[in-house]
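Q: Could you take a close look at how two neighbouring helices are arranged against each other, and then at what lies around them? I would like one connected explanation.

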Amino acid sequence: MKSVGLILIIMTSALAGVYFSVNLKKRMILLKKLEYMLEDMEMLIRFKSATVYDILRTLNAKESFSELAFIKYAAEGDETIPFCRMWEKSVRLYNEPALKAEDQNLILSIGHELGKSDINGQINALQLKKNELKDLISIAETEYRKKGSLYRSVGVLTGAFITILLI
């Protein structure tokens, strides 16, 4: 019975390490999806002169953005509410734990830029946001490469250490 408990301690510790590693990878994936979202938004504005509500409906219809639940929240929102408020409310409801505060702030700032200027102004704003996002993606990739395997290894080693202490 004692050996089963010790194995559970090792496994629980290892799973904790895997959890933190997976969160780093998920952040990287979500940031890349945000980059694709910005590219789609830019295309919709540039070639269709789409309104912010048309953009939301189009993005919501795409399966590739299903992980970005704030798009769904915003697309289902009331169009009588100003877009930037609806966007902010949707992003705050989304609250993905894998994303950091700076990631969420970037997403919030996108909603404050859209629909407030002419087509060229919106396109330029989206390009600036894409540049900011590329920096965040680069940081997330580096962090995952450096810390991902570290978290998994430390999880297993911590479990083994606790097990040795209990023996």
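A: In this predicted model, helix 5 and helix 6 are roughly antiparallel to each other, because their axes cross at roughly 175° and an angle over 145 degrees counts as roughly antiparallel. Helix 5 covers residues 101-113 and helix 6 covers residues 119-166, and their axes come within 10 Å. On the side of helix 5, the contact is made by Glu102, Asp103, Leu106, Ser109, Ile110 and Glu113, while helix 6 contributes Gln122, Ala125, Leu126, Lys129, Glu132, Leu133 and Leu136. Sorted by class, this contact of helix 5 with helix 6 has six nonpolar, two polar and five charged residues.

Ile110 of helix 5, which takes part in that contact, is also touched by Trp87, and Trp87 touches Met37, Met41, Leu56, Phe70, Ile107, Leu108 and Gly111 as well, if residues up to four places away in sequence are not counted. Trp87 belongs to the largest nonpolar core, which has 37 residues, and together with Met37, Met41, Leu68 and Phe70 it touches the most other members. Helix 5 and helix 6 each give two or more residues to this core, as do helix 1, helix 2, helix 3 and helix 4, and helix 1 gives the most, with nine residues.

Leu56, one of the residues that Trp87 touches, is a buried residue of helix 2, along with Val52, Tyr53, Ile55 and Leu59. Seen down the axis of helix 2, these buried residues fall within an arc of 155°, so they line one face of the helix. What covers them includes helix 1, helix 3 and helix 4.

Terms used
Residues are numbered from 1 along each chain as its sequence is written. This is a predicted model: local features need pLDDT of at least 70, side-chain atom pairs count only at pLDDT 80 or more; totals for chains, interfaces and linings use all residues. Side-chain values use heavy atoms; hydrogens and water are left out. Axes are lines fitted to C-alpha atoms, for helices over the stretch in contact, and angles run from 0 to 180 degrees between N-to-C directions. Helices (H or I, at least four residues) and strands (E, at least two) are DSSP runs, numbered from the N terminus. Contact means heavy atoms within 4.5 Å. Ala, Val, Leu, Ile, Met, Phe, Trp, Tyr, Cys and Pro count as nonpolar, Asp, Glu, Lys and Arg as charged, and the others, Gly among them, as polar. A nonpolar core is a set of buried Ala, Val, Leu, Ile, Met, Phe, Trp, Tyr and Cys residues joined through side-chain atoms within 4.5 Å. Buried means under 20% relative accessible area, exposed over 50%, partly exposed in between (1.4 Å probe, protein chains only). The arc is that of the directions from the helix axis to the C-beta atoms.
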